[in-house]
Structures are given as C-alpha cells and as structure tokens.
Amino acid sequence: EGLRRRGFTAEQISAIRQAYKVVYRHGLNLEEAIGELEQRQQQQPELELLVLSLRNSSTRGIVR
C-alpha cells in the first residue's frame, strides 16, 4: 500500500515483490541473490535501493 501511495506503478511493485522472493525463497546464498538482483536492476531501476541495502549488510548479514 505504501509503495502505491508513493506513486509506484503496479509493474514496479511486482518487480519489488519478485526481488524479495529471490532473496528469501529461492534458496540462494546472499551473494547469488545479490548477483541475480543486479542483473534485474538493469531493467528495473527500482531495485537499486534493495541491492545497495543488501550489499551494505553483507558484514552483518540478514535474517531469513
């Protein structure tokens, strides 16, 4: 809902949902997931913040 309020299109919201699935549900390790998202980011620039966030959390990790 918050993304829609901020003017994101349905396509952009769908891309972000799919990106979260890559990180949390595809069974990839963090580096593999980041690599996959970086490839998608070329076509979907709305993923940039997520990729940057994951890159910066690499020393502390993320909870899955």
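**Salt bridges and the largest pocket**

Arg 40 has a relative accessibility of 25%, and therefore counts as partly exposed. This value, like every other one discussed here, was computed from a predicted model.

The partner of Arg 40 is a natural next step, since the side chain of Arg 40 meets that of Glu 36 in a salt bridge, with 3.1 Å from N to O. Both residues belong to helix 3, and because they are four residues apart in that helix, about one helical turn separates them. Glu 36 is likewise to be counted as partly exposed, its relative accessibility being 28%.

Helix 3, which covers residues 30–41, also takes part in a contact of another kind, in which distant parts of the chain are linked: Glu 31 in this helix is paired with Arg 55 in helix 4, and the two residues lie 24 positions apart. The pair forms a salt bridge whose closest N and O atoms are 3.3 Å apart. As for their surroundings, Glu 31 is partly exposed at 45% relative accessibility, and Arg 55 is partly exposed too, with a relative accessible area of 35%.

At the beginning of the chain, Glu 1 forms a salt bridge with Arg 5, and here the closest N and O atoms are 3.8 Å apart. Glu 1 has a relative accessible area of 54% and is exposed, while Arg 5, with a relative accessible area of 68%, is exposed as well; both values are over 50%, which is why the two residues fall into the exposed class. This pair does not stand alone, for Glu 1, Arg 4 and Arg 5 are linked in a network of salt bridges. Across the whole structure, the search finds five salt bridges, among them the pairs of Glu 36 with Arg 40, Arg 55 with Glu 31, and Glu 1 with Arg 5.

From these charged pairs we can turn to the largest pocket, which has a volume of about 170 Å³. Its lining is made up of Leu 3, Phe 8, Ile 16, Tyr 20, Glu 46, Leu 47, Leu 49, Leu 50 and Ser 53. Two elements, helix 2 (residues 10–25) and helix 4 (residues 48–56), give two or more residues to this lining, and helix 4 gives the most, with three residues. Sorted by class, the lining residues of the largest pocket are seven nonpolar, one polar and one charged. Helix 4 thus appears in two parts of this account, as a contributor to the pocket lining and as the element that holds Arg 55, the partner of Glu 31.

Key:
Residues are numbered from 1 along each chain as its sequence is written. This is a predicted model: local features need pLDDT of at least 70, side-chain atom pairs count only at pLDDT 80 or more; totals for chains, interfaces and linings use all residues. Side-chain values use heavy atoms; hydrogens and water are left out. On a 1 Å grid over the protein atoms alone, a cavity is a set of points where a 1.4 Å probe fits but cannot get out, and a pocket is an open set with protein on both sides within 12 Å along at least five of seven lines; lining residues have an atom within 4 Å of a point. Grid points are joined across faces, edges and corners, and a volume is the space filled by probe spheres set on the points. Ala, Val, Leu, Ile, Met, Phe, Trp, Tyr, Cys and Pro count as nonpolar, Asp, Glu, Lys and Arg as charged, and the others, Gly among them, as polar. A salt bridge is a side-chain nitrogen of Lys or Arg within 4 Å of a carboxyl oxygen of Asp or Glu. Buried means under 20% relative accessible area, exposed over 50%, partly exposed in between (1.4 Å probe, protein chains only).
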